[in-house]
Amino acid sequence: MKIGLSLSGGAAKGLMHLGVIKQLELGGIRIDMISGCSIGALIGAMYALNPDADNISGRITKFLENTGEPIIPINYVINEEQEERRSVFNKIADSVKMSIYYGISLAKLSYLTSEGLRDSISQLVPDVDFSECKIPFSCAATDITDYTEYYFTEGSILDAVVASCSLPGLYPPFEYKGKALVDGGWAAPNHIDQLREMGAGFVIASNIQQEYNQGEVTNGLDVVLRSNTSSRKALSDLQLKYADILIQPDTCNIHWWDFGAATDCMDLGEKQTAALIPEIRKKIRRARIKIFFSGSF
């Protein structure tokens, strides 16, 4: 029986996948195939090419320490403690900055270029073919030409990860075979069905716990954002129903753009996965026994 690992998106929060993979390795749980989107695609590609959690964690940590520019160039969220310390002039400056961002995003195709995204990702993922993977890998993107999910399983891994990480509004759609592809998390936040199609008999889903604004709705933008969150949550919950194991630590205190919290994210992934190892082993044993007696092994 083959074991598949699904890695969701989540930007900085998705670095918790590194902790998940490390503990699965330590627990002797071998991953036979992997599928991901956005940051999950980046980590999944790195692991598929070189299945060594410590090596990947070290490379990503070094990249984050040495990169000259922030991964996400605008701080979208300010916590309450920071809010109290900020002067009225800083608040005005932030409002202007956000207005410029949204204005550019509405007037142009994107705020940043795909070349910059590709340059960053290429420091971690080589431009090699899927056939180079030591573990079968697939990478999800969202096709906004026909409103469907799209899975890369061949061709350039770098192209696939760039497409999967193309956050709408921030980066332009990735043009590929007549398709316009953006971040995979919009149509395929989790990949249980895809892994089943790849041959997985048991699927572990590593998913980012989303944070939901419980405050008062004060304007039309709040309504739009909450409506979008509602639909994405419903899709994610529906896909996760078919996972055999769900690993979903509480990352709500970490903002999605805060790559400075990488160590905290990894630790959260490690702690919850370590606690679940006995349950994962038990469920894998039961699944194997069921397959044996069904005669479908």
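## Starting from one residue

Let's begin with a single serine: Ser 57 sits in helix α3. Keep in mind as you look around that this is a predicted model. Is Ser 57 buried or exposed? Its relative accessible area is 13%, and because the cut-off for buried is under 20%, Ser 57 counts as buried.

Which residues does Ser 57 touch, once neighbours within four places in sequence are set aside? They are Leu 18 and Met 266. Leu 18 is a good one to follow, as it leads us to another helix, α1.

## Helix α1 against helix α3

Two packed helices are described by the angle between their axes and the distance between the axes. For helix α1 (residues 16-26) and helix α3 (residues 53-66), the axes come within 9 Å and cross at roughly 160°. Angles over 145 degrees count as roughly antiparallel, so α1 is roughly antiparallel to α3. The crossing of α1 past α3 is left-handed.

Who takes part in this contact? On the α1 side you can find Leu 18, Ile 21, Lys 22 and Glu 25. From α3 come Ala 53, Asp 54, Ile 56, Ser 57 and Ile 60. Sorted by class, the contact has 5 nonpolar, 1 polar and 3 charged residues.

An α-helix has 3.6 residues a turn, so residues three or four places apart point the same way. Try looking for that pattern as you trace the α1 residues named above.

## Helix α1 against helix α2

Helix α1 also packs with helix α2 (residues 39-49). Here the angle is about 35°, and the axes are 10 Å apart. His 17, Leu 18, Ile 21 and Glu 25 are the α1 residues in this meeting, while α2 brings Gly 40, Ile 43 and Tyr 47. By class, the residues of this contact divide into 4 nonpolar, 2 polar and 1 charged.

## An enclosed helix

Now move along the chain to helix α7 (residues 157-164). How many of its 8 residues are buried? The count is 7, so α7 is largely enclosed by the rest of the structure. The buried residues are Ile 157, Leu 158, Ala 160, Val 161, Val 162, Ala 163 and Ser 164.

At the start of α7, a side-chain oxygen of Ser 156 comes within 3.3 Å of the backbone nitrogen of Leu 158.

## The whole chain

Stepping back, the protein chain contains 10 helices and 8 strands. Of its 297 residues, 45% are buried. Among contacts between residues at least 6 apart in sequence, 78% join residues at least 24 apart.

Note on methods:
Residues numbered from 1 in each chain as written. Predicted model: local features only at pLDDT ≥ 70, side-chain atom pairs only at ≥ 80, totals over all residues. Heavy atoms only, no water. Axes fitted to C-alpha atoms, helices over the stretch in contact; angles between N-to-C directions. Helix = DSSP H or I, 4+ residues; strand = E, 2+ residues; numbered from the N terminus. Parallel < 35°, antiparallel > 145°, perpendicular 65-115°, else oblique. Left-handed = near helix turned anticlockwise from the far one by under 90°. Contact = heavy atoms within 4.5 Å. Nonpolar A, V, L, I, M, F, W, Y, C, P; charged D, E, K, R; others polar. Buried < 20%, exposed > 50% of the residue type's maximum accessible area, 1.4 Å probe, protein only. Polar contact = N/O pair within 3.5 Å; in protein donor to acceptor, adjacent residues only side chain to side chain.
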